[in-house]
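Student: Could you take a close look at the strand pairing in this model for me, and then connect it with what lies inside the fold? I'd be glad of residue-level detail.

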Amino acid sequence: MKKLFAAALLGGVGSLALASQGWALAPETELLLELLRTKGILSADEVEGLKHEVAAASQPAGEAASREHYHSVQSIDSRLRRLESAKEVEAGGGWAEKVQLSGVVEIESTAERLDDGAGRVESSSDLVLATAQVNLEARPAENVTSRLVILYEDGEDLAVDEAVVGFSGPESMPLYLNLGKMYLPFGRFESHFVSDPLTLELGETGEVAVVAGWSNSLFDLSLGAFNGDVEEAGEEDHIDGFVASGVFSLPADTIPGFGFEAGVSYITSLADSDGLEGEVVSNLTERVGGASVFAHATFGESFTLGAEYLGAFSSFGPGELAVETFPQPGRYSPRAWNLEAAWALLPAWELAVRYAGSHGAGLLLPERQYGVALLWAMGDTVSWGVEYLHGDWEDDSRSDGLTLQMALGF
């Protein structure tokens, strides 16, 4: 009974302290436990046991396994991630208490106009189920998490988008290890628009991989290995792809009203990205590495500014990329960048603008892209978004697109 009484006190007081200080025991919790021991309510052994239980309950075990992926999985961008308020499955006990179910449904209406630069204009419109996604997250044991994502996107088959098992260390050793099918920590891809940023279309990379890392309140450093599908001429099939990432986050309230995050990442073969992999038509004479750098700042609760640059270190040789997408003779070194700003006009309304572009990406991406988006959060689970995007392409064609999206998160 006395242990239940102590646990109740910790639930009321400790949860507030832990909410503000991560998964380390807060000073208030430590003082409360010491008081219970000195009053004879708890023994020293029971105090140590409760410390362990409280820390385990609050620790984000395997946190890296469920870290947000802006895929908009991401595809799910940050706006949709906020809608995915996971609901714990309550089935009266057992394994179900350890499982969280969440997901998102996106329905989009689109209208597009294409001017080929030679006087011919085409227009089209459509109504599609853009995304249907279900996420299952579980914590089968202390410091172990798993994440399974089933995804359908318009025009593609239902697929296992992610299947990751994550392991994390204690507070004194904040290491983590993720294994399985995942999106590699290459690029960031944050966006306030309905459409994915050009950096995501060029660099997002989904692979079966192993990623190890170290993180604290300031830094998240990771290194991973995978076996890509695009090979060099004369090379055998091995686990010889690597990715590295480093992210700095300014702790909350370091500067009142200001938040900042920045990072860099590197991948040994940009050809293994989801956007370029299907464009490679022959084995490469040499690998083309890629790098990404991003920065994201928030000012109060009303303004955010984000920028990202992602591109190849060298060039693909003639004939290595599909001529339908890369029609000009010569060598291509694809690069893309994205700049966005967003204002919270009202508590439920957000206005965003984008200016983006690419170079050396052929007809895969527009050379220049700009547009505006208006988002409305209708409660905690439904959002509406409308965006306009204009694109200028390498072949002098121009595109204009209008998209209306309804997104439901559960």
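Tutor: Happy to! Two strands are said to pair if DSSP finds at least two bridges between them. Please keep in mind that this is a predicted model. By that rule, strand S16, residues 382–392, pairs with S17 in the antiparallel sense, over 11 bridges. Within this pairing, Gly-391 stands opposite Ser-399 of S17. The two strands form a hairpin, with five residues between them. In that turn, Asp-396 has a positive phi of about 70°.

S17, which covers residues 398–409, has another antiparallel partner in strand S2, residues 99–115, and that pairing runs over 12 bridges. If you want a landmark there, pick Glu-108, whose bridge partner in S17 is Gln-405. For the wider setting, the chain has five helices and 17 strands, and 44% of its 410 residues are buried.

Let's step to the nonpolar interior. The largest nonpolar core has 31 residues, and those that touch the most other members are Leu-184, Leu-202, Leu-276, Phe-316 and Leu-365. Helix H5 (198–203), strand S7 (206–215) and strand S12 (303–312) each supply at least two of its residues. H5 gives the largest share, three residues. A second core, separate from that one, has five residues, among them Phe-193, Ala-342, Ala-352 and Leu-389. That last residue brings us back to the hairpin, as Leu-389 falls within the 382–392 range of S16. Such grouping fits a broad pattern: nonpolar side chains tend to be buried together in soluble globular proteins.

Phe-316 of the largest core is a good one to zoom in on. Beyond residues up to four places away in sequence, Phe-316 touches Ala-271, Leu-276, Leu-284, Val-288, Leu-321, Arg-331, Tyr-332 and Pro-334. Val-288 is also on the contact list of Thr-268, together with Asp-240, Gly-241, Phe-242, Arg-287 and Gly-289, once neighbours within four places in sequence are set aside. Thr-268 sits in the loop between strand S10 (258–267) and S11. Is this loop residue buried or exposed? Thr-268 counts as buried because its relative accessibility is 15%, and the cut-off for buried is under 20%. Its C-alpha atom is 5.6 Å from that of Phe-242, although the two are 26 residues apart along the chain.

Another loop deserves your attention: Phe-189 lies between strand S6 (175–183) and H5. Phe-189 has a positive phi of about 65° without being a glycine, and with a relative accessible area of 1% it is buried. You'll find a similar backbone feature at Asn-143, a non-glycine with a positive phi of about 70°, in the loop between strand S3 (121–141) and strand S4 (144–153).

Finally, the interior also holds some empty space. The largest cavity contains about 160 Å³. Its lining has 16 residues, of which Glu-190, Ser-191, His-296, Gly-306 and Ala-307 are the closest to its centre. Strand S11 (290–299), S12 and strand S13 (335–346) each supply at least two lining residues. S12 contributes the most, with five, so you meet this strand twice, because it also supplies at least two residues of the largest core. As for the outside, the chain exposes about 20100 Å², 60% of it from carbon and sulfur atoms.

Definitions and conventions: Residues are numbered from 1 along each chain as its sequence is written. This is a predicted model: local features need pLDDT of at least 70, side-chain atom pairs count only at pLDDT 80 or more; totals for chains, interfaces and linings use all residues. Side-chain values use heavy atoms; hydrogens and water are left out. Helices (H or I, at least four residues) and strands (E, at least two) are DSSP runs, numbered from the N terminus. A nonpolar core is a set of buried Ala, Val, Leu, Ile, Met, Phe, Trp, Tyr and Cys residues joined through side-chain atoms within 4.5 Å. Buried means under 20% relative accessible area, exposed over 50%, partly exposed in between (1.4 Å probe, protein chains only). Contact means heavy atoms within 4.5 Å. Accessible areas come from the Shrake-Rupley method with a 1.4 Å probe; for residues, only the protein chains shown count as cover. On a 1 Å grid over the protein atoms alone, a cavity is a set of points where a 1.4 Å probe fits but cannot get out, and a pocket is an open set with protein on both sides within 12 Å along at least five of seven lines; lining residues have an atom within 4 Å of a point. Grid points are joined across faces, edges and corners, and a volume is the space filled by probe spheres set on the points.
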